[in-house]
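Trainee: I'm new to this structure and would like a close look at one part of it. Could you take me through the salt bridges, and show me a bit of what lies around them?

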Amino acid sequence: MSWRSLTLLFTMIVVIIVQPQRIVAIDKTISNTRHVTVAVDPALPPFQFKENESLKGFSIDIFETIANELGLTYEYIFLPHHQAIEALKNEQVDVILTVPYNDVLSKDILFSDHYFTSSSSLYVAYGNSEIQSVEDLSERTVSLVQGSIEYDFLQNIRRIKFQVASNQKNALRLLTVNRSDAFIGEPHTANYFINQWGLEDKYKVVQANVVPVYYSFVLRQDEAFLLHQINEELSKLRKNGVYQHIMEKWFEPYQWRRKVEHTIHFLTWSLVIVLVVIVFISVWNRKLQKEVQKQTNALQQQVLETKNNIQFKQQILDSSPRGILTFDRSGALTSINQKATLIIGKANLDMKRSIYTEIPLINKLLDTTLFNQVIRHGEKILGKEFNWELSENKIMSIRYYIYPLYNYKREIIGLILSFEDISLEKYLREQFFEQEKSRALNQLVAGIAHEIRNPLTSIQTLVHLIPYKMSNEEFKKELVNIVPKEIERINQLVEGLINYVKPKKSKSLIEIRVHDLIHSITILFKRVLEQKGIDFHYHHLPPVTITCDENQLKQALMNFILNSIDAIEERKKIEVGHYQPKIEIFGETTLETCIINIKDNGMGIKKENLDKVYEPFFTTKATGTGLGMSISKQYIQEQNGTVQVKSKYGEGTQITIAFPLTERGYYGKDSDN
């Protein structure tokens, strides 16, 4: 078992052991700690439930782990959610566990970051074939929890009858005793009770994912600092792996089997890699030993023959991996080593009587001009390359060097020509280039994964609004108009990846209206910005047109806005209560240029990081990929645009994008056909 696996197992055991099992938990050793009253609905397993006079469940484990880290003491009070909300407002309790996020309630109470995402499901008896979805509930009786998000959602269906209960357990009971035709609620809790009652073969889910539900802790409006502490601890739990262990404990036992499979897969590949490395090292070691032994023997031989200068000189030349030749001032060959003989292929020629012009390869390398430059002026020719055609199908790549040859008086008496066969080196260089291309492809894949989140965010935002604005005609038009476009953008991103591997002729850039493009983006972010309390201003640009790839420019602009939102969220954590977040989009035009500015008052960028924002994989975010800015800049530059970033840490950031106007430039009544 790997060290990582042992560490995860140890952490899991510690989490399970240290979980408090008492209804009231007070640490006597901590002085000056805060005591909080916590409202709990005990009929919501596996999130929270009583067993053997102890509270257990996913939410209990999460809260008690956070409380222990913050030094809180606590006691639990059992209340249904709707009563707990009133008790919170009346300051009878301090915290409520496992509360679904609600826009209306968020105006009066504080919701923590959600720590579990679920969605309501619709249950009916197996014999009921008339109800297949929530659209079939008209003139039917549905049981659900009083004041729940499902209750608000079903208000949009006409002529529906309700049987409300104080908790999920009682609402599900109404279905099992035939007092309702269907039940809608939390699927994990419903499945828990159905299994406990032995009714698995009597009731079924006919529609999952009816309403998205985001569970959070709830606090009073005056508990902003405690909320900030809880959110910080939730973030730490996700980063250090404790959250995952608690999740697997209550919801995903099958994860252990999957982890074992992944571990086996990883170990198998690791073993293969280790074996390959061992074989490679073994082979390399043998070659290295042989080469060392060869060089050692050559050196020993040279030491033994030092008294014979001519033989010593020849052995040095012959041991060189390069071909070496010397010529006198007239161009006559005075010496040649074995490597040169092999490369030239003139072993049967009497090289001592040859002039350099009589040897075809040398005549190509050492033409009259170069010969005179070296002999007369003492110039050096370094590292030039030349392709020598040996036959129709074979070409040798040669790198050569030419030096003047001096006597003891520093007079030029000839020249030295050394050259080497670099065919293998060029082949390896080409192989390295292909490896670099593969690495670039990997970066592109990572970029596609990052960029595909933008259209998904847009689609998710609109889908979440469906239950609340489905009756709004303007919203329907936006939904029908925007969702297909965003899906097409995802398709084009995937096509772009395919085109990189198997390129096809690129499409021409098109003329777009800048105002229409930015307006479509502001629609997508409107809901997100409202939820996050960000003041958004879009100052309409003049009616101008530019030529670009609409999807890629839209992708880049959305990246910049998302970065602004992240920077604002970071500053919110520090400046609680008096900070008013704001994002502005404004622009200007010159005779030839359209300028778009995106400005925020978020956390900003540190001065030492400002020059690194476009570097691939550079990011200061805990979960960022570091590709958004790099890819956005690439998109803009490929379409003849420019982008600049100005930022001051603690004050905000402004991104300025500039594009040349089209020939038409402005459009309007006189120019727009």
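**A close look at the salt bridges**

Mentor: Let's start at a spot without charge, for contrast. Phe280 is exposed, with a relative accessible area of 57%, and this residue sits in helix α9, which covers residues 254–304. Keep in mind as you look around that the model is predicted. Phe280 belongs to a nonpolar surface patch of about 710 Å². Its other members are Ile273, Val277, Ile281, Trp284, Leu288 and Val292.

Now for the salt bridges themselves. The count comes to 17, where a bridge needs a side-chain nitrogen of Lys or Arg within 4 Å of a carboxyl oxygen of Asp or Glu. Take Glu53 and Lys50: their side chains meet at 3.7 Å, N to O. Glu53 is exposed, at 62% relative accessible area, while Lys50 is partly exposed, at 40%.

Next, go to Arg322 and Glu420, whose side chains form a salt bridge at 3.6 Å, N to O. Arg322 is in the loop between α10 (309–319) and β16 (323–328), and Glu420 is in strand β20 (residues 412–421), so this pair ties together parts that are 98 residues apart in sequence. Arg322 is partly exposed, with a relative accessible area of 27%. Glu420, on the other hand, is buried, at 18%.

Arg399 and Glu385 make another bridge, with their closest N and O atoms 3.4 Å apart. Here both partners come from strands: Arg399 from β19 (residues 394–406) and Glu385 from β18 (residues 381–391), so the pair links parts 14 residues apart in sequence. Arg399 counts as buried, at 12% relative accessibility, whereas Glu385 is partly exposed, at 42%. Salt bridges can also share partners, and in that way Arg34, Asp94, Arg220, Asp222 and Glu223 are joined into one network.

Before you go, have a look at a place where charge is missing. The structure holds one cavity of 30 Å³ or more, and about 30 Å³ of space lies in the largest cavity. Its lining is made by Ile518, Ile521, Leu557, Ile561, Ile585, Ile596 and Ile598. That splits into seven nonpolar residues, no polar and no charged. Helices α17 (514–531) and α18 (550–574), along with strand β25 (593–600), each supply at least two of the lining residues.

Notes: Residues numbered from 1 in each chain as written. Predicted model: local features only at pLDDT ≥ 70, side-chain atom pairs only at ≥ 80, totals over all residues. Heavy atoms only, no water. Patch = residues over 30% accessible without salt bridge, like charges linked within 9 Å, V, L, I, M, F, W, Y side chains within 5 Å. Areas by Shrake-Rupley, 256 points an atom, 1.4 Å probe, with all protein chains shown as cover. Helix = DSSP H or I, 4+ residues; strand = E, 2+ residues; numbered from the N terminus. Buried < 20%, exposed > 50% of the residue type's maximum accessible area, 1.4 Å probe, protein only. 1 Å grid on protein atoms, 1.4 Å probe; cavity = no way out; pocket = protein on both sides within 12 Å on 5 of 7 lines; lining within 4 Å. Points joined across faces, edges and corners; volume = space filled by probe spheres on them. Nonpolar A, V, L, I, M, F, W, Y, C, P; charged D, E, K, R; others polar.
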